[in-house]
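User: I'd like to learn how to read a protein–DNA model. Can you walk me through one?

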Protein chains: 2
Amino acid sequence: MTSDEFVEGGKPTLEAVGALAGVSRATVSRVINGHATVKPEMVDAVNAAVAQLRYVPNRAARSLVRRRTQMIAMVIPERTAEFFADPYFAEVIQGAALYASSTDQTLTLLIESDADPEKTRRYLTGGNVDGALILSHHSRVPAYVELSDTVPMVFGVRPLEPAERPIHVVDVDNVEAAAIATRHLVARGRTSIATISGPLDTAAGIDRVNGWRSALADAGLDAGPLESGTFTPASGAEAMQRLLDNGARIDAVFAASAQMATGALEVLRAHSIRVPYDIAVASVDNNYFSTSANPPLTTVDLDTANKGAVLVQTLLRLIDGEDVPPFTAVPTALVERRSV
Amino acid sequence: MTSDEFVEGGKPTLEAVGALAGVSRATVSRVINGHATVKPEMVDAVNAAVAQLRYVPNRAARSLVRRRTQMIAMVIPERTAEFFADPYFAEVIQGAALYASSTDQTLTLLIESDADPEKTRRYLTGGNVDGALILSHHSRVPAYVELSDTVPMVFGVRPLEPAERPIHVVDVDNVEAAAIATRHLVARGRTSIATISGPLDTAAGIDRVNGWRSALADAGLDAGPLESGTFTPASGAEAMQRLLDNGARIDAVFAASAQMATGALEVLRAHSIRVPYDIAVASVDNNYFSTSANPPLTTVDLDTANKGAVLVQTLLRLIDGEDVPPFTAVPTALVERRSV
DNA sequence: CTGAAAGCGCTTACAG
DNA sequence: CTGAAAGCGCTTACAG
């Protein structure tokens, strides 16, 4: 008797597995779903049959009866590609997709339509997904906050304004990340530490300024000058130039992103200011920009891929009705290279 | 009588829509699926009921009976994030996701596991998806070619060796793209045109060299010197340096990627060689690197987002059993900036 | 042209 | 501890 007898044509079904193992399909189902009430010998027989037939449960059937789509959406801004010089999204997506693949959830990418913002909301509320991860730009966040009691959601960034209702966010502690970098500068004996901040209308921009400021205060140092950029290399170069033009005597710069640090480094080089001898530069982000900068950047690793994984993990907990804290912090760590 | 009477609790079903419209659920199903055999007045009644109840078909139920998962996978290399300085994947994904969202297919990202390559194959052959888009590195392609008669597949790159069985690829015509750039250099009066090629073990690398060579031959010009890079800025800089070191008199360079062109430009600047006055530089890729180069690059736009869309479109045709040509070319176009 | 009915492949009360 | 049966929400022959 070959196992072929149990699969006529297409994919094997529960029925076929049951026939091979000599049990009902209800029992097979129980074994597959780990319902501990099955006799060990039946468990073994079923598992053997599953392996022999290479049985894979039909997602649609399971999803239909469980009333779960088994899908989660990752919502990302439409203009991502234009800003893809920023490796952030790629890393989060990669981390999230990898984690999702170890569960029976499917991760789908939902690109926000700038032309039709309602489309995304309709999709999310139309029962297409069990939950959503929101990585939109901060300006879009409030609109999603409203949906968060219709469909489970986890945000990748804290809203600027305190949300009107309890929400769940997974992010690094940006205050702490900036403080880590700044403290390292202090520990290396720097005393006049400027910052090139991110945009001050973003949570990350604000929080990193606060981290820089508080680390300085803790060390009994005055806050150095602050110039803001937009997280891009060009904006970092311009901010560095303004810092120099303003004539303040500084011996270190904390840049709120590796991209801005890269731009700053170019300006310093153009002025023959030696890094780290004359001015040390520390930043946040451990990515392509940090390693290929000249000199390579001492920076804070935000572990963005891990953030992607934790986002999914947290969302699944929420979907399962577990109690999830409003904020889950992803750990960060200093990585020392040659710019400090 | 309010429409609430037809939806007790959860999402409205076909049954509820039928009750509101005064028809059977079979008829509602026919209207929703556009089976032209329904009387116009019933069509209207059904559509009104659908709108009123905001009815959205249950994907799982539909998928179960149609024996289609309604999902397609995009297979991408695990190490993507590390190379994400290359905007290519982000753009393809964006184009593909956007197109998929206009259909009732869901696009899911499948990251190849370097540790367990079988995992991806099992997923694809386990009935999880209706088809797959393969964007892997070239070395992985042959393994997928084997699967292409088990599950419909479209490749984003032509295999290096002619495939053992008929496959479907969607890509730009790399020979033509390179020829466009080179012809433009020729039209501008350049006569000694070198190339910084991509890796010569990739289809894009090889094809772009051939395009450069044939454009030159067509113009009655000798092929200039060739140095190879790996598509990265650093490799472009090194190749440019070798070109200079070798002392050949050249008045133009065709770089097979914008990233390599960026690196080459830096070397030329360091040598005070003026672009385009002394040496003109044309490239391929219209992305962040092309616009932020100094000077901005005259280059061939590969319309990568559109490639993503066409990949999905082609795969859906294949899944529907249509006749699809083995190669679908995505159009390219020259964009003139200041490097030529 | 339309409806009643079967069935897609699962899960899970309900009996036993 | 296990099985027979109902049912998740659709689509589609099959009658009429």
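User: Which residues come nearest to DNA strand D?

Analyst: First, the ground rules: this is a predicted model, where local features need pLDDT of at least 70, side-chain atom pairs count only at pLDDT 80 or more, and totals for chains, interfaces and linings use all residues. Residues are numbered from 1 along each chain as its sequence is written, with chains lettered from A and ligands numbered from 1 in the order in which they are written. A residue is near a strand if its C-beta atom, placed from the backbone, lies within 6 Å of it. Here 26 residues surround DNA strand D, and B:L14, B:A26, B:S29, B:N58 and B:A61 come nearest.

User: Which helices each supply at least two residues of that surface?

Analyst: Helices are DSSP runs (H or I, at least four residues), numbered from the N terminus. In this case they are α2 (25-32) and α4 (59-66) of chain A, plus α2 (25-32) and α4 (59-66) of chain B.

User: How are chain A and chain B related?

Analyst: You superpose copies by least squares on the C-alpha atoms of residues with pLDDT of at least 70 in both. Chain B lands on chain A with an RMSD of 0.1 Å after a turn of 180° and a shift of 0.0 Å along the axis. The two copies are therefore related as by a two-fold rotation axis.

User: At what angle do α1(B) and α2(B) pack?

Analyst: Fit lines to C-alpha atoms over the stretch in contact, then take the angle, from 0 to 180 degrees, between N-to-C directions. Helix α1 (residues 14-21) of chain B and α2(B) pack at about 100°, axes 8 Å apart. So they're roughly perpendicular (65 to 115 degrees).

Methods:
Parallel < 35°, antiparallel > 145°, perpendicular 65-115°, else oblique.
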